[in-house]
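Trainee: Could you take me through this structure slowly, and show me how each description follows from a value and a definition?

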Amino acid sequence: MKVLFYAAKNYDKKSFEPFEEQYPDVAIDYIDHELEPRTAMLAKGYDAICAFVSADVGAETLTILHDIGVNIVLMRCAGFNNVDIEKAKELGITVKRVPAYSPEAVAELAMALALAVNRRLYKAYNKVRENDYTLKGLRGVNFHGKTAGIVGTGKIGAVMCQICRGFGMKVIAYDVYENPSLKDFVEYVSFDELLERSDLISLHCPLMDSTYHLINLETIKKMKDGVILVNTSRGALVDTAELIEGIRLNKFLGVGLDVYEEETGNVYEDRSDEIMMHSVTARLLAFPNVMITSHQGFYTMEALAAIAETTLDNLMDAVNGVHTANDVT
Ligand code: NAI
């Protein structure tokens, strides 16, 4: 079975190669190009393609894949908002994904961002490197005894609840469904109450019409002064322009973002030589209480290994016509 692996990075090869022995019938070719209508033809002669979060798996791409005989699309990620599901169904293309690989990977990064902005670790690191041992600008707060507000208590949010409990925090949460595994220590409240009571707010709900710009100036104004906001979920949960207004109102002790609205085009690219003409990200980065990372929540050895193994299992299931919870179509 031949698989063409789009937008391949070194870390992809490193995480898939250890599974070669386990799947001797699978031959993977890795290419740098992103999957899009212009590059879909490259998959001619392959049985399946493997794509990631920034691929264009829209109607045009799917039609080309179908026309050249590729009817298996393996998404090596949880999200599938970039796949035209209706078109894939119409063409009889099997699309599978990796719905869960390591919730701990993402939740641990969320807490890392919360701690880093609280204690200004990015500043402290640079100051000491410059022989500046003063404490100016580094004062934070204890998390112990404070209230963590978790928005979305699915797989990742539930782990974040446990991490916050480990720090001695009171944990409150908002979700459209309550997670029974958390009932011993999590108090479910309305979204407004979460905004009003939390010292740390961490977003772990999916991006949908109902959650688009969930964090905007109106909701920011309901938050406590000196709150820490962390987003490791999807950029558009936060209205960036209004977040900037909120920061200017001095609402936040810190803001930690692994995802942000402008990230497409940046994610996993080196743009350090470019002049950014209209970047709100650059505006955000100029604030002393903001730290941004580039969608690296999933980037641990354990998560990558789980993604590789599940993707190859998905290939076998697709070839054998086996339906599982990983099916998108
Ligand atoms: P999940 O599906 O297990 O949990 C999502 C939770 O959000 C569910 O409990 C659901 O009921 C809840 N929810 C739905 N609508 C809501 C609303 N309007 N308000 C509040 N809660 C709502 O998903 P999981 O695996 O925990 O992932 C959460 C998010 O993390 C994903 O949507 C994805 O965007 C993001 N993610 C980020 C990664 C990164 O590298 N930074 C990696 C993987 C996922």
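Mentor: Let us begin with the ligand, keeping in mind that this is a predicted model. Around the ligand there are 23 residues, and those that come nearest are Lys 155, Ile 156, Asp 175, Thr 232 and Asp 258.

Trainee: What makes the approach of Asp 175 to the ligand a polar contact?

Mentor: An N or O atom in the side chain of Asp 175 is 2.6 Å from an oxygen atom of the ligand, and a polar contact is a pair of N or O atoms within 3.5 Å, so this pair qualifies. Arg 234 can be judged in the same manner, with a polar side-chain atom 3.3 Å from an oxygen atom of the ligand, while for Phe 298 it is a polar backbone atom that lies 3.1 Å from a ligand oxygen. The protein covers 83% of the 870 Å² of accessible area that the ligand has on its own.

Trainee: Which classes of residue make up the shell around the ligand?

Mentor: The shell consists of ten nonpolar, nine polar and four charged residues.

Trainee: Turning to helix 10, which of its residues are buried, and how do you know that they are on the same side?

Mentor: Helix 10 spans residues 240–248, and its buried residues are Thr 240, Leu 243, Ile 244, Gly 246 and Ile 247. These residues cover an arc of only 160° around the axis, and therefore they lie on the same side of helix 10. As a general point, an α-helix has 3.6 residues a turn, so residues three or four places apart point the same way.

Trainee: What do the buried residues of helix 10 pack against?

Mentor: They pack against helix 9 (217–222), strand 10 (227–231), strand 11 (252–257), helix 11 (280–285) and strand 12 (290–292). At the start of helix 10, a side-chain oxygen of Asp 239 comes within 3.2 Å of the backbone nitrogen of Ala 241, and just after the helix, Asn 250 has a positive phi of about 70°.

Trainee: Why is Asn 266 called buried?

Mentor: Asn 266 is found in the loop between strand 11 and helix 11, and its relative accessibility is 14%. Buried means under 20% relative accessible area, so Asn 266 counts as buried. Its side chain also makes a polar contact with the side chain of Arg 271, at 2.6 Å. Leaving aside neighbours within four places in sequence, Asn 266 is in contact with Tyr 260, Arg 271 and Met 276.

Trainee: What makes the phi of Ala 7 worth pointing out?

Mentor: Ala 7 has a positive phi of about 50° although it is not a glycine. Most residues other than glycine have a negative phi. Ala 7 lies in the loop between strand 1 (2–5) and helix 1 (10–16), and at 15% relative accessibility it counts as buried. Arg 120, in the loop between helix 5 (103–118) and helix 6 (121–129), also has a positive phi of about 50° without being a glycine, and Arg 120 is buried, with a relative accessible area of 11%.

Trainee: How do you know that Val 328 is buried, and which residues does it touch?

Mentor: Val 328, in the segment after helix 12 (301–319), has a relative accessibility of 12%, which is under 20%, so Val 328 counts as buried. Not counting residues up to four places away in sequence, Val 328 touches Phe 80, Ile 85, Val 95, Lys 96 and Arg 97. The C-alpha atoms of Val 328 and Thr 94 are separated by 7.7 Å, although these residues are 234 residues apart along the chain.

Technical notes. Residues are numbered from 1 along each chain as its sequence is written. This is a predicted model: local features need pLDDT of at least 70, side-chain atom pairs count only at pLDDT 80 or more; totals for chains, interfaces and linings use all residues. Side-chain values use heavy atoms; hydrogens and water are left out. A residue is near a molecule or strand if one of its heavy atoms lies within 4 Å of it. A polar contact is a pair of N or O atoms within 3.5 Å; within protein, one must be able to donate a hydrogen and the other to accept it, and residues adjacent in sequence count only if both atoms are side-chain atoms. Accessible areas come from the Shrake-Rupley method with a 1.4 Å probe; for residues, only the protein chains shown count as cover. Ala, Val, Leu, Ile, Met, Phe, Trp, Tyr, Cys and Pro count as nonpolar, Asp, Glu, Lys and Arg as charged, and the others, Gly among them, as polar. Buried means under 20% relative accessible area, exposed over 50%, partly exposed in between (1.4 Å probe, protein chains only). Helices (H or I, at least four residues) and strands (E, at least two) are DSSP runs, numbered from the N terminus. The arc is that of the directions from the helix axis to the C-beta atoms. Contact means heavy atoms within 4.5 Å.
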